Amino acid sequence: MEEYDYYEDDSSFNDSYDYSAEHSVCDKEAVRSFAGVFLPAIYTVALVVGLAGNGLVVVVYASPLRRRTLTDVCILNLAISDLLLLLTLPFWAADAVHGWMLGTAACKMTSFLYSTNFSCGMLFLACISVDRYYAVAHNTTRRTWTSPQVRRQRLVVCVVLWAAAGFLGLPELVFSRTKHSHHRISCTAFYPPDMARPAKAALELLEVILRFLVPFLVMVVCYCWVGRALTRAEGIRRDRKWRALRVLLAVVAVFLITQLPYNMVKLCRALDVIYILVTDCDTSKGLDHARQVTESLALIHACINPILYTFFGTTFKGHVLKAAKQLGLWLGRHPQPVNEEPAVEIALNTHTQKHSQSDSEDQDTSTFTI
């Protein structure tokens, strides 16, 4: 969990940083009071909504009866990482109100889980966009989804992404600790005196690049290619093209709206650490408030993910209805047959020939399903 200025007596990251005299006498009581009310309220809403949505995704996508594409596997792992991220929120809510009461070991582990799963979510979002691009560019068909080679590749991709996220979370595991400040105990990162400023600035910039900039650029490039392929594809009704394009636009727009403000604030904080730009108490408190609000907005993305990404692969509504029907049969009830909404399956011809409307199975096409 990112620490805030109001946790420190006279610095933005620890006592080894020699801030200006104006910062050392800056009263952050208003910031602490705002956090004690705002953060628990936002975290409670995010926890309830996120647990329900991501829990449903895990139940549906973890079904052993499903044939999974890489996108399906990424959606499943994305939901798991979002769940683990959301499960840390009660600890941070209690910390905002009462301070940290669970000791150093819990502080390190909770901070590590928060940072790791935040990074993991961003990496899996980028992986989903790459897989959608690959499905169109390389004519991935359903017959290849269950091959042993493809299953091994999916496993390798997931392991690599989780390992990369764990690596990004290591600084929290190493440097997080409990500290007494303002008559309370806080859980925050504490760096050695000889590396405080460069370490803090480097980590802030690294997080902006790897958690936001790289995933965003990957999504934009991949979805632009897929969108162009959709608009040029022949033999597809206009409403289906527009529906697919709307989903792609919504994915990129939601990511940008929820993540850009938070990363802009992180960038400002990194520049402040390097150049000591903030020398006014009101400005410092405003930056603290901005970080609280924008980080909460970034966390809301974990609640929106089930709505956005479950529309890729196959129709999520149909799988939910099927699962409900199976549950009813298992409980001994016999519900009426459920009419499942068919998936919007778009076959993209990778050639420019105008015979794309042919129904032949030998036609060179890629299936992109919404």
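These are legends for close-up views of the cysteines and one helix pair in a predicted model.

**View 1. The two disulfides of the model.** Start here for the overall cysteine wiring: the structure has two disulfides, one joining C26 to C281 and the other joining C107 to C187. Count the bonded cysteines along the protein chain and you get the pattern 1-4, 2-3. C120, by contrast, is in no disulfide.

**View 2. The disulfide between C26 and C281.** Here the S to S distance is 1.9 Å. The link of C26 and C281 is right-handed, with 75° about the S-S bond. It's a link between distant parts of the chain, with the two cysteines 255 residues apart. C26 sits in the loop between α1 (21–24) and α2 (29–61), while C281 belongs to helix α9 (residues 281–309). Are these two cysteines buried or exposed? C26 has 9% relative accessibility, and because buried means under 20%, C26 counts as buried. C281 comes in at 16% relative accessibility, so C281 counts as buried by that cut-off too.

**View 3. The disulfide between C107 and C187.** The sulfurs of C107 and C187 are 1.9 Å apart. The torsion about their S-S bond is about 85°, so this disulfide is right-handed. Which elements does the pair tie together? C107 lies in helix α5 (residues 103–137) and C187 in strand β2 (residues 184–189), so the bond connects parts that are 80 residues apart in sequence. C107 is buried, with 0% relative accessibility, and C187 is buried at 3%.

**View 4. C120, a cysteine in no disulfide.** How far away is the nearest cysteine sulfur? That sulfur belongs to C158, and the distance to C120 is 8.7 Å. A disulfide needs the two sulfurs within 2.5 Å, so the C120 and C158 pair doesn't qualify. C120 is buried, with a relative accessible area of 0%. While we're on burial, C303 also counts as buried, at 11% relative accessibility.

**View 5. Helix α5 packed with helix α7.** This one looks at α5, the helix that holds C107, alongside α7 (residues 196–232). The axes of α5 and α7 are 9 Å apart and meet at an angle of about 20°. Angles under 35 degrees count as roughly parallel, so that's the label for α5 and α7. The crossing of α5 past α7 is left-handed. What kinds of residues make up the contact of α5 with α7? There are 19 nonpolar residues, three polar and two charged.

Definitions and conventions:
Residues are numbered from 1 along each chain as its sequence is written. This is a predicted model: local features need pLDDT of at least 70, side-chain atom pairs count only at pLDDT 80 or more; totals for chains, interfaces and linings use all residues. Side-chain values use heavy atoms; hydrogens and water are left out. Helices (H or I, at least four residues) and strands (E, at least two) are DSSP runs, numbered from the N terminus. Buried means under 20% relative accessible area, exposed over 50%, partly exposed in between (1.4 Å probe, protein chains only). Axes are lines fitted to C-alpha atoms, for helices over the stretch in contact, and angles run from 0 to 180 degrees between N-to-C directions. Angles under 35 degrees count as roughly parallel, over 145 as roughly antiparallel, 65 to 115 as roughly perpendicular and the rest as oblique. A crossing is left-handed if the near helix is turned anticlockwise from the far one by less than a right angle, and right-handed if clockwise. Ala, Val, Leu, Ile, Met, Phe, Trp, Tyr, Cys and Pro count as nonpolar, Asp, Glu, Lys and Arg as charged, and the others, Gly among them, as polar.
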